[in-house]
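Got your viewer open? Let's take a short walk, one selection at a time.

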Amino acid sequence: MSTKTTNEFGGEIGGVTLLGKAHSLSALFIVLLRATIGGMILFAGLGKVSEWPFDAAGYLANIDPASPVSGLYAAMASNAALMEFVNVFVPVTQLLIGAALITGAFVRLAAFGGAAQMMLFYLGGWSGEFLSLFGSTLVYAIVFLTVAAFGAGRVLGLDAYIENIEVGGQALVEKFPALRYVLG
């Protein structure tokens with residue numbers, strides 16, 4: 001009997017089948033990627049909290065007019081009630097996303113939240129120039145999505161334990177299959 005396991009992954013997109021085999025160190029690197037991107041966003045949130053009060057209005061009001069969201073962000077910056085919410089929402093979600101990714105709990109939910117936040121920053125920072133198309137926040141969004149796609153919370157993460165919590169004699173994700181979209 002062989003004890004060797006292979007790490008195969010694949011999928012089908014538009015009728016094209018994609019198959020691959022991961023290196024034996026892939027699990028280690030996905031944990032490092034999860035912890036690194038988690039630490040990055042955690043420290044971004046800590047930076048905002050440490051310089052409290054955080055105020056996003058200056059950023060939102062000064063978006064380059066070439067950005068597709070400049071008008072929307074300017075309107076947001078002029079709404080005081082909305083800005084009170086945004087000024088708390090951004091740092092709190094950054095802290096929660098970072099903590100979730102570092103511990104490996106609710107990784108898919110956290111990673112999708114991180115990717116959404118990075119895409120909002122990306123759109124706000126885009127100046128319309130071709131060379132600015134691939135900015136760092138776009139790369140961060142792709143890294144968040146990669147962590148989600150690989151189910152990185154199941155590798156040295158709490159998601160592996162959360163998924164198997166018994167509820168009525170069944171594993172949590174068997175009893176509530178929709179949780180597979182937020183765990184992993």
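Angles under 35 degrees count as roughly parallel, over 145 as roughly antiparallel, 65 to 115 as roughly perpendicular, and the rest as oblique. This is a predicted model, where local features need pLDDT of at least 70, side-chain atom pairs count only at pLDDT 80 or more, and totals for chains, interfaces and linings use all residues. Residues are numbered from 1 along each chain as its sequence is written, and side-chain values use heavy atoms, with hydrogens and water left out.

Start by selecting α4 (residues 80-103) and α5 (residues 107-125); helices here are DSSP runs of H or I, at least four residues, numbered from the N terminus. They pack at about 140 degrees with axes 9 Å apart, the axes being lines fitted to C-alpha atoms over the stretch in contact and the angles running from 0 to 180 degrees between N-to-C directions. That is why the pair is oblique.

Now show side chains at the contact (heavy atoms within 4.5 Å). On α4, look for residues including Val 90, Ile 97 and Leu 101; on α5, Ala 110, Gly 114 and Phe 121 are among them.

Next, pick Phe 106 in the loop between α4 and α5. Its phi is near 55 degrees, positive for a residue other than glycine. At 38% relative accessibility, Phe 106 is partly exposed (buried is under 20%, exposed over 50%, partly exposed in between, with a 1.4 Å probe and protein chains only).

Hop to Leu 156, between α6 and α7: phi is near 50 degrees, and the residue is exposed at 74%.

Last stop: the Trp 52–Pro 53 peptide bond is cis, with omega about 5 degrees.

How values were computed. Helix = DSSP H or I, 4+ residues; strand = E, 2+ residues; numbered from the N terminus.
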